[in-house]
Amino acid sequence: MSGAQNLAALVLAAGASRRFGGDKLSALLDGDPLLFHAIRAARAAPVSRVLVVARAGLDCGRWEGAPPVEVLPLESHALSESLKAGIAALHDMDGVFVFLGDMPSVPHRIAAGLAAGIGQGSAALPRNGGKPGHPVLLSARLFPEIATLTGDEGAGRLLRGRSDVVFVESDDPAIHLDIDRPEDLSALGNARAPSSRT
């Protein structure tokens, strides 16, 4: 990607939450459902659209102003199906940020750095301590390959070993922080400062 970029954000929220043992994305953190924190991070990205791929019945909130938030219901819990459905719906974009619904602490400044850093790369990822995290910015050049994914694999398989993946260094380990179990959510709630990340 180069020049003006027409970007969108995709929030994946169709998983079954098996390890959490219940409706994880509706669990409260700082008084709001977990998913709402991920949507806020997605809306803070330099995007014209936000698309939430969600299981039926999940409350995705009401969001005023720009960028607009759309919801795409999906019955499948497979990660690849969520990713493929979202990318197919955003096929006319130059690139798509992928946010995960169970990652509520992604720093809002990260996405702009990925957009600035991707250049001619196929993807841009934040990296902390040598380990890549989220969100991931995928160039439209990868969209045809994403359509071939199956099962619970995300874009990681496509990115491994590629020489055109850009890594943007981050000093914030929250790019790795996802919520799998109730105790993860309790620990995060205890550790978070009263103000949200920016």
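**Exercise 1. Work out what share of the contacts with a separation of 6 or more joins residues 24 or more positions apart.**

Solution. Take the contacts in the protein with a separation of 6 or more; residues 24 or more positions apart account for 69% of them. Keep in mind that this is a predicted model. Next, list the secondary structure: six helices and 10 strands. Then turn to burial. The protein has 198 residues, and 48% of them count as buried. Last comes the surface. The accessible area is about 9000 Å², and carbon and sulfur atoms hold 51% of that.

**Exercise 2. Decide whether helix 1 is largely enclosed or not, and back up the verdict.**

Solution. Start with the cut-off: a residue is buried under 20% relative accessible area. Now go through the helix. The buried residues are Leu34, Leu35, Phe36, His37, Ala38, Ile39, Ala41, Ala42 and Arg43. That is nine of the 10 residues, so helix 1 is largely enclosed by the rest of the structure.

**Exercise 3. Find the residues that touch the most other members of the largest nonpolar core, and the elements that supply this core.**

Solution. First, a general point: in soluble globular proteins, nonpolar side chains tend to be buried together. Here the largest nonpolar core has 37 residues. Val11, Leu35, Phe97, Phe99 and Leu137 touch the most other members. Several elements supply at least two residues each, among them strand 1 (7-13), strand 6 (95-100) and helix 6 (182-191). Helix 1 gives the largest share, seven residues. Now look for a second core. A separate one has 26 residues, including Leu51, Val96, Leu125 and Val136.

**Exercise 4. Describe the two faces of strand 9 and its pairing with strands 6 and 7.**

Solution. Take the faces first. Val136 and Leu138 lie on one side, Leu137 and Ser139 on the other, and all are buried. Both faces are therefore covered. Next, the pairing. Strand 6 runs antiparallel to strand 9, joined by four bridges. Strand 7 (residues 123-128) is also antiparallel to strand 9, with two bridges. Finally, pick out leucine 138. Valine 96 has leucine 138 as its bridge partner. Alanine 123 stands opposite leucine 138 too.

**Exercise 5. Is serine 80 buried or exposed, and what does serine 80 contact?**

Solution. Locate the residue: serine 80 is in helix 2 (residues 79-89). Check its accessibility. The value is 0%, so serine 80 counts as buried. Now set aside neighbours within four places in sequence. The contacts are then Leu149, Thr150, Gly151 and Glu153. With glycine 151, look at the atoms. A polar atom of the serine 80 side chain lies 2.5 Å from the backbone oxygen of glycine 151.

Notes
Residues are numbered from 1 along each chain as its sequence is written. This is a predicted model: local features need pLDDT of at least 70, side-chain atom pairs count only at pLDDT 80 or more; totals for chains, interfaces and linings use all residues. Side-chain values use heavy atoms; hydrogens and water are left out. Buried means under 20% relative accessible area, exposed over 50%, partly exposed in between (1.4 Å probe, protein chains only). A polar contact is a pair of N or O atoms within 3.5 Å; within protein, one must be able to donate a hydrogen and the other to accept it, and residues adjacent in sequence count only if both atoms are side-chain atoms. Contact means heavy atoms within 4.5 Å. A nonpolar core is a set of buried Ala, Val, Leu, Ile, Met, Phe, Trp, Tyr and Cys residues joined through side-chain atoms within 4.5 Å. Two strands pair if DSSP finds at least two bridges between them. Accessible areas come from the Shrake-Rupley method with a 1.4 Å probe; for residues, only the protein chains shown count as cover.
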